[in-house]
Amino acid sequence: LSETIPDFAMKAFTTDHTVFGISFKHYSYLVTWHGKKIFLSGDTTNSETIASQTDLDLAFVPIWLLMDIEAKNVDFKILSKKYAIYHIGRNDKITLDEKDFQLKLLDKQGDVITIAY
C-alpha cells in the first residue's frame, strides 16, 4: 500500500491472542498516514505492544486491553491522544466523564471517527 498511497506506512506486530488456552496467530498494526499514527490492536490479550508505542493519535482497542493497561499502572493517557474502544459486552458497565474526549466508546453501529490531517 505504501507504494500506491502517498504518505502511508503500516507496521505489523506479532501479538498474543490466547482464548481458552488456545493461542491464535495474531497481529496488531500501526498505520502512519499523513503524519498521523493510528494503532489497531485487534483482539490481542495484553498491552505490551501498545505500551511500547509513543505519540499515537488514535488507538483502536478492546475494552479488556484498556483494563490491562491500567492494571499494569501504565498511564494510558500518555500513549494516545484518543482511544476508540470496542468489544464492549452487553454486561459491561462503562461510564465516561462527559469531559473526557480522549475515550470514544464504539457501542453504536455506524459511529464515525475522523482525524484531521
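How many positive and negative side chains does the protein have, and how far apart do the centres of the two sets lie? In this predicted model, 13 side chains are positive and 16 are negative, and the centres of the two sets lie 2 Å apart.

The overall architecture combines three helices with eight strands. In sequence order these elements follow the pattern β-β-β-β-β-α-β-α-α-β-β. The C-alpha atoms occupy a box of roughly 45 × 40 × 30 Å along the principal axes. The radius of gyration is 15 Å; for 117 residues a compact globule would have a value near 13 Å, with which the protein therefore agrees. Of the 117 residues, 32% count as buried. The exposed surface amounts to about 7,900 Å², of which carbon and sulfur atoms supply 55%. Among contacts between residues at least 6 apart in sequence, 34% join residues at least 24 apart.

Three aromatic pairs were found in a search of the whole structure. One of them is formed by phenylalanine 13 and phenylalanine 39, whose ring centres are 6.4 Å apart; the planes stand at 50 degrees, so the pair is classed as tilted. This pair links distant parts of the chain, since phenylalanine 13 belongs to strand E1 (residues 8–14) and phenylalanine 39 to strand E5 (residues 36–40), with their positions 26 residues apart in the numbering. Both phenylalanine 13 and phenylalanine 39 are buried. Tyrosine 27 and tyrosine 29 make up another pair, with ring centres 6.5 Å apart and planes at 35 degrees, so this arrangement is likewise tilted. Tyrosine 27 is partly exposed, at a relative accessible area of 33%, and tyrosine 29 is also partly exposed, at 28%.

Strand E5 also contains isoleucine 38. With a relative accessibility of 15%, isoleucine 38 counts as buried, because the threshold for burial is under 20%. Beyond its neighbours within four places in sequence, isoleucine 38 is in contact with Tyr29, Leu30, Val31, Leu58, Phe60 and Ile115. Tyr29 in this list is the tyrosine 29 that pairs with tyrosine 27. For leucine 58, the C-alpha separation from isoleucine 38 is 4.9 Å, although the two residues are 20 apart in sequence.

The loop between strand E4 (27–33) and E5 holds glycine 35. In contrast to the buried isoleucine 38, glycine 35 counts as exposed, at 55% relative accessibility. Once residues up to four places away in sequence are set aside, glycine 35 touches Asp7 and Asp57. The C-alpha atoms of glycine 35 and isoleucine 115 are 11 Å apart, with 80 residues of sequence separation. Isoleucine 115 is also one of the contacts of isoleucine 38.

Attention then turns to helix H2. Within this helix (residues 63–71), Ile63, Leu65, Leu66, Asp68 and Ile69 are buried. An α-helix has 3.6 residues a turn, so residues three or four places apart point the same way. The cover over the buried residues of H2 includes helix H1 (48–51) and helix H3 (76–79), together with strands E6 (58–62), E7 (83–86) and E8 (103–105).

After H2 comes asparagine 73, located in the loop between H2 and H3. The phi angle of asparagine 73 is near 55 degrees, a positive value in a residue other than glycine. This residue is exposed, with a relative accessible area of 74%. A positive phi is also found at aspartate 55, about 55 degrees, although this residue is not a glycine. Aspartate 55 lies in the loop between H1 and E6, and at 56% relative accessibility it counts as exposed.

Notes
Residues are numbered from 1 along each chain as its sequence is written. This is a predicted model: local features need pLDDT of at least 70, side-chain atom pairs count only at pLDDT 80 or more; totals for chains, interfaces and linings use all residues. Side-chain values use heavy atoms; hydrogens and water are left out. Rings of Phe, Tyr and Trp (its six-membered ring) pair if their centres lie within 6.5 Å; planes under 30 degrees apart count as stacked, over 60 as edge-to-face and the rest as tilted. Helices (H or I, at least four residues) and strands (E, at least two) are DSSP runs, numbered from the N terminus. Buried means under 20% relative accessible area, exposed over 50%, partly exposed in between (1.4 Å probe, protein chains only). Contact means heavy atoms within 4.5 Å. The radius of gyration is taken over C-alpha atoms; the globule rule is 2.2 Å times the number of residues to the power 0.38. Accessible areas come from the Shrake-Rupley method with a 1.4 Å probe; for residues, only the protein chains shown count as cover. Lys and Arg count as positive and Asp and Glu as negative; His and the chain ends are not counted. The place of a charge is taken as NZ of Lys, CZ of Arg, CG of Asp or CD of Glu.
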